[in-house]
Amino acid sequence: MSTARIVGRVRSCGECPKRAYWSGGKYQCSVIQQPLTDASGIPAFCPLPLDPSALLAKSAWEEKNVTAIMQAAADKAMTDDIDQMRHLVLTAASMLGISPRLGA
Ligand code: SF4
């Protein structure tokens, strides 16, 4: 039994090995049998996993933004603007996937 390998990065359906001729000059995604209308991009229904470098970049961007929001909330905590501080904390929590528990 062999171990699976990653073939490479795909930036459009046009360069994807899963793009297959369908009929009448049209192509489809052979993974999910969906017609492809534009081979220059990747549609939202693409079943391929995201490139790890894209996930890392997204994670770094989110960390930077959450840090900036929490710094602003900490600054607001030193003033009387509690509503703004609450808004900033809830925004940062939302970015981290945290939902406030009502009544807690
Ligand atoms: S939808 Fe995704 S898997 Fe299907 S052909 Fe396009 S890039 Fe490839």
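**Entry 1: ground rules**

I count two strands as paired if DSSP finds at least two bridges between them. Helices (H or I, at least four residues) and strands (E, at least two) are DSSP runs, and I number them from the N terminus. Residues are numbered from 1 along each chain as its sequence is written. This is a predicted model, so local features need pLDDT of at least 70 and side-chain atom pairs count only at pLDDT 80 or more, while totals for chains, interfaces and linings use all residues.

**Entry 2: domains**

I looked up the domain assignment, whose bounds come from an automatic or database source. It gives domain 1 as 8–48 and domain 2 as 52–95. I then checked how far apart they sit: the C-alpha centres of domain 1 and domain 2 are separated by 37 Å.

**Entry 3: the sheet**

I traced an open sheet of three strands, ordered β1-β2-β3 with antiparallel pairing. Its edge strands are β1 (19–23) and β3 (34–36), each of which pairs on one side only. On average, neighbouring strands here are turned by 50 degrees against each other, direction ignored. For that angle, axes are lines fitted to C-alpha atoms (for helices over the stretch in contact), and angles run from 0 to 180 degrees between N-to-C directions.

Next I went through the bridges. β1 and β2 are antiparallel and share four bridges. In that pairing, R19 has C29 as its partner in β2, and A20 has Q28. On the other side, β2 (residues 26–29) is joined to β3 by three bridges, again antiparallel. There I found Y27 partnered with L36 of β3, and Q28 with P35 of β3. Q28 therefore turns up in my notes twice, once with A20 and once with P35, given that pairing is a matter of DSSP bridges.

**Entry 4: the two turns**

How many residues lie between β1 and β2 in their hairpin? I get two, and G24 in the turn has a positive phi of about 60 degrees. The β2 and β3 hairpin has four residues between its strands. Q33 is in that loop, and its phi is positive too, about 50 degrees, although Q33 is not a glycine. I noted this one because most residues other than glycine have a negative phi.

Is Q33 buried or exposed? I use C-beta atoms placed from the backbone: 20 or more others within 10 Å of a residue's own means buried, 12 or fewer means exposed, and anything in between is partly exposed. Q33 is exposed, because it has 9 other C-beta atoms within 10 Å.

**Entry 5: C29**

C29 is in strand β2. I call C29 buried because 21 other C-beta atoms lie within 10 Å. Leaving out residues up to four places away in sequence, C29 touches C13, K18, R19, Q34 and L36. Contact here means C-beta atoms, placed from the backbone, within 7 Å. I also checked C29 against P47: they are 18 residues apart along the chain, with 9.4 Å between their C-alpha atoms.

**Entry 6: around the ligand**

Which residues are around the ligand? I list V10, C13, C16, K18, R19, C29, V31, I42, P43, C46, P47 and L48. The criterion is a C-beta atom, placed from the backbone, within 6 Å of the molecule. I sorted this shell into 10 nonpolar, no polar and two charged residues. For the sorting, Ala, Val, Leu, Ile, Met, Phe, Trp, Tyr, Cys and Pro count as nonpolar, Asp, Glu, Lys and Arg as charged, and the others, Gly among them, as polar.

**Entry 7: long separations**

V7 is in the segment before β1. V7 counts as exposed because it has 9 C-beta neighbours inside 10 Å. From V7 to D81 I read 53 Å between C-alpha atoms, with the two positions 74 residues apart along the chain.

T91 sits in helix α2 (residues 82–95). With 16 other C-beta atoms within 10 Å, T91 is partly exposed. T91 and P17 are 74 residues apart in sequence, and their C-alpha atoms are 40 Å apart in space.

Technical notes:
Two residues are in contact if their C-beta atoms, placed from the backbone, lie within 7 Å.
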